[in-house]
Amino acid sequence: MRITDTSDVWWKSAVVYCLDIETYYDKDGDGIGDLAGLAERIDYLAELGVSCLWLMPFYPSPDRDDGYDITDFYGVDPRLGNHGQLVEVIRTAHDRGINVIADLVINHTSDRHPWFKAARRSVDNPFRDYYVWRDTTPPDTSKQVVFPDKEDSIWELDDKTGQWYLHHFYKHQPDLNLANPAVVEEILRTVGFWLELGFDGFRVDGIPFLEQTLKNVGDPEALVDPHDVMREIRGFLNRRAGHAMMLGEVNLPHEQQLDFFGGGAGDELQMQFDFIAMQATYLSLAREDPAPLVKALQERPATHPTCQWATFLRNHDELTLDKLSDEERQEVFAAFGPEPEMQLFGRGLKRRVPTMMGGDPRRIRLAYSLLFSLPGTPTLYYGEEIGMGEDLAAEGRMAVRTPMQWTSGANGGFSAAPPRKLVQRVVPDGYGPAHVNVADQRRDPDSLWNFVRTLIGSYRMCPELGWGRFSVVDQPHAAVLAHRCDLDDVATVVVHNLGSDPVVVDLPVDGSDEAHDLVDLFSLEEVVPVDGRVEVSLDGYGFRWFRLRPEGGMHLP
């Protein structure tokens, strides 16, 4: 592979950073983050090393589900700004070498969307078929609801027409009928509109529910394969913008995820989050045993060369553990969220990484070293780079959607508004702005911020981490994960000690007939192997990164 090929399939070696505009930075002082504030923070993201910015929904919304209940797919919520300010954000990001992707919500709308308002007026309304209806009493569907603390059915009776409409999420988010070609056409227009404004792709929300929506239409003749829908969107996307990509939220078993990549054809999603590896990571960290993570990575199916797995430790939702067994989930709960208020729906955690690790800087850095060294594209959720905590007093998933902490001052430098006017209060107590903020950490060479910045730089210097062949390196220590990613004539070799006891690892670092140099990626010092091996001393929760390159070659570092 030529190194220049990486720019054509840029998502395979990107560093993705997700943020919610309303909680990032408030420029006008009304207590709500805005686009003008985000524009002023693009240089911060560039300094950190981010190469792809993912914006959570910014569309007009009643904000009953943090913006995922949308009333206008073509609009910008006036609380955040306007289209002109959004274009300024995108243009500034592009000038700094950062691609920008938007949340694409195709599963549902708000019940206040003009389509649904029209649809519920009568059964003969032209917009009626934009949604999914039934005229018979639905069966018990309590086990299918996404939010069991708020809903007990995926059907809601509409009193005016006497029919039930489908909603896999909240009752105020009616599901769209993707069996209706007019709905798919509207989605394509939405995609085209935002591509014209400069977006480089989309993070597609809730994909597993598309198929369930279609299954519930009730008319067998109306069923549509969701893969056909995804292929249609992908084809349109690439006709309009050949460089654009789609990153899917597909929390399904590997075999079904492979189908949403488009199988061997690679003609659906270019990227998907690896929920299975994420959950296995926490099980491995809880057990201090890499075996669950190794199993998850080795069972990843091979994908089309243009496709990629997105790795992550945290996102904007609860930290779901649904792919673990009941016993495994309890192990993770016991290690990282033993109190009921730390858990959500019995399937996940409403905590961030530093608090789950008990504030131990060794374990926190170990976790992020794993994230950036595993094969795939690392994805950060805002605030991870400084070790923000959560607000357990906030309802549900809002616990991890608190304002960004820029300084140690009032409101963490997020807003000049009185605290009572903030969109949400800042994290209290030991993880509040007085203890965790950007300004202090940028000045501290030993801070988590500087460490994450180093990880990002190391990852971006090593395209093999996004493009290469993953393999586990044999060594005898049960708590140690040693792995490598090979690409052409270079390789990155990484070793992590998941245990608390120090170890010495006799690490094989070469397997080819050609002579190679070996460089420590953090110190940038050359290491001299003896008979193709290096003796590596690791503290408890320690790690080392090495890069093999042809002897005397020009590869960096």
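Helix axes whose N-to-C directions differ by over 145 degrees count as roughly antiparallel. Keep that cut-off in mind for the helix pairs below, and remember that this is a predicted model.

**The helices around α9**

Let's start with α9 (residues 275-287) and α10 (residues 291-298), which pack at an angle of about 160 degrees with their axes 7 Å apart. The two helices are therefore roughly antiparallel to each other. Their crossing is left-handed. On the α9 side, the contact is made by Ile 276, Ala 277, Ala 280, Thr 281, Leu 283, Ser 284 and Arg 287, while α10 brings in Ala 291, Pro 292, Leu 293, Ala 296 and Leu 297. Sort those residues by class and you get 9 nonpolar, 2 polar and 1 charged.

Now for another neighbour of α9. The axes of α9 and α11 (residues 326-336) come within 9 Å and cross at roughly 60 degrees. That makes α9 oblique to α11. Here, too, α9 passes its partner α11 in a left-handed crossing. Who touches whom? From α9, Tyr 282, Leu 283, Leu 285, Ala 286 and Arg 287 meet Glu 328, Glu 331, Val 332, Ala 335 and Phe 336 of α11. By class, the contact of α9 with α11 holds 7 nonpolar, no polar and 3 charged residues. Leu 283 and Arg 287 turn up in the contact with α10 and also in the one with α11.

**The barrel**

Next, the strands. A closed barrel of 8 strands runs β1-β2-β3-β7-β8-β9-β10-β14, and the pairing is parallel. On average, neighbouring strands in this sheet are turned by 25 degrees against each other, direction ignored.

A few of the strand pairs, with one residue pair from each:

| Strand pair | Bridges and sense | Residues paired |
|---|---|---|
| β9 (271-273) and β10 (308-312) | 3 bridges, parallel | Phe 273 and Ala 310 |
| β10 and β14 (377-381) | 3 bridges, parallel | Ala 310 and Thr 377 |
| β1 (16-19) and β14 | 3 bridges, parallel | Tyr 17 and Leu 380 |

Two helices pack on this sheet. Helix α8 (residues 254-261) touches β9 and β10, and its direction makes about 150 degrees with that of β9. Helix α13 (residues 361-373) touches β10 and β14, with its direction at about 140 degrees to that of β14.

So what is β10 like, buried or exposed? In strand β10, 5 of the 5 residues are buried, so the strand is largely enclosed by the rest of the structure. Its side chains split two ways: Gln 308, Ala 310 and Phe 312 point one way, Trp 309 and Thr 311 the other, and all are buried. Ala 310 is a handy landmark if you're clicking through the model, as it is the bridge partner of Phe 273 and stands opposite Thr 377 in β14.

**A separate small sheet**

There is also an open sheet of 3 strands, in the order β4-β6-β5, with antiparallel pairing. Its edge strands are β4 (133-134) and β5 (155-158), each of which pairs on one side only. Between β5 and β6 (residues 163-166) there are 4 bridges, and these two strands run antiparallel. To find the pairing on screen, look for Glu 156, whose bridge partner in β6 is Tyr 165.

Terms used:
Residues numbered from 1 in each chain as written. Predicted model: local features only at pLDDT ≥ 70, side-chain atom pairs only at ≥ 80, totals over all residues. Heavy atoms only, no water. Axes fitted to C-alpha atoms, helices over the stretch in contact; angles between N-to-C directions. Parallel < 35°, antiparallel > 145°, perpendicular 65-115°, else oblique. Left-handed = near helix turned anticlockwise from the far one by under 90°. Contact = heavy atoms within 4.5 Å. Nonpolar A, V, L, I, M, F, W, Y, C, P; charged D, E, K, R; others polar. Pairing = 2+ DSSP bridges. Buried < 20%, exposed > 50% of the residue type's maximum accessible area, 1.4 Å probe, protein only.
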